[in-house]
Amino acid sequence: MNKAELQKSTEGYSIATVGELSAFEGKAFVKELLGTSSIELSFGTLSPGQSVPFFHHHKQNEEVYVVLSGEGVFILDGKEEPVASGSVVRVAPCVSRNTKCTGSVPLVYICIQGKAGSLEQYTMTDGVVEQ
Ligand code: ZN
């Protein structure tokens, strides 16, 4: 699969899938499918030797990339930073970025973006434990 598909949507929650991650190829954004209001999330894969076809930065959103499998480099303001399965990379909005798969298997990652500085409460200050 190379896109996300909505499986269920109710007023309170939505469920989408990109299918089995090991078979996923390309890039898929899920904000519109899920109806999120505070973050965008995308799944991405790069084949061995492949880079994202452009460098980019953001106006107001920071991004967090979570590498699920494979090996690669993030090029952040011109500096190459190696990553591998389990790496988590935060990138401030103004930082120029690109990603390249340097391993022999695809680099699979998710990218979460949200407005920098917008998170006011989280985890135990926002979560309410129910009895
Ligand atoms: Zn971006």
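A nonpolar core, as the term is used here, is a set of buried Ala, Val, Leu, Ile, Met, Phe, Trp, Tyr and Cys residues joined through C-beta atoms within 7 Å. Keep that in mind while we walk through this predicted model.

Let's start at the N-terminal end. Strand β1, residues 5-9, pairs with strand β2, residues 14-17, in the antiparallel sense over 4 bridges. A hairpin of 4 residues takes the chain from β1 to β2. If you want a spot to look at, find E5: its bridge partner in β2 is T17.

Now for the open sheet. It is built from 5 strands in the order β3-β4-β10-β5-β8, with antiparallel pairing. At the edges sit β3 (27-29) and β8 (88-91), each pairing on one side only. From one strand to the next, the twist averages 15 degrees. At the β3 edge, the partner is β4, residues 39-46, and the two share 3 bridges in the antiparallel sense. K27 is a handy marker there, with G44 as its bridge partner in β4.

So what about the core? The largest one has 15 residues, and V18, A28, V67, L107 and Y109 have the most contacts inside it. Two or more residues come from each of β4, β5 (61-69) and β10 (107-115). β10 gives the most, with 3 residues. As a general point, nonpolar side chains tend to be buried together in soluble globular proteins.

Y109 is a good place to finish. Which residues is Y109 in contact with, leaving aside its neighbours within four places in sequence? They are G44, Y65, V66, V67 and L68. G44 is also the residue that bridges to K27, and V67 turned up with Y109 among the residues with the most contacts in the core.

Notes. Residues numbered from 1 in each chain as written. Predicted model: local features only at pLDDT ≥ 70, side-chain atom pairs only at ≥ 80, totals over all residues. Pairing = 2+ DSSP bridges. Axes fitted to C-alpha atoms, helices over the stretch in contact; angles between N-to-C directions. Buried ≥ 20, exposed ≤ 12 C-beta atoms within 10 Å, placed from the backbone. Contact = placed C-beta atoms within 7 Å.
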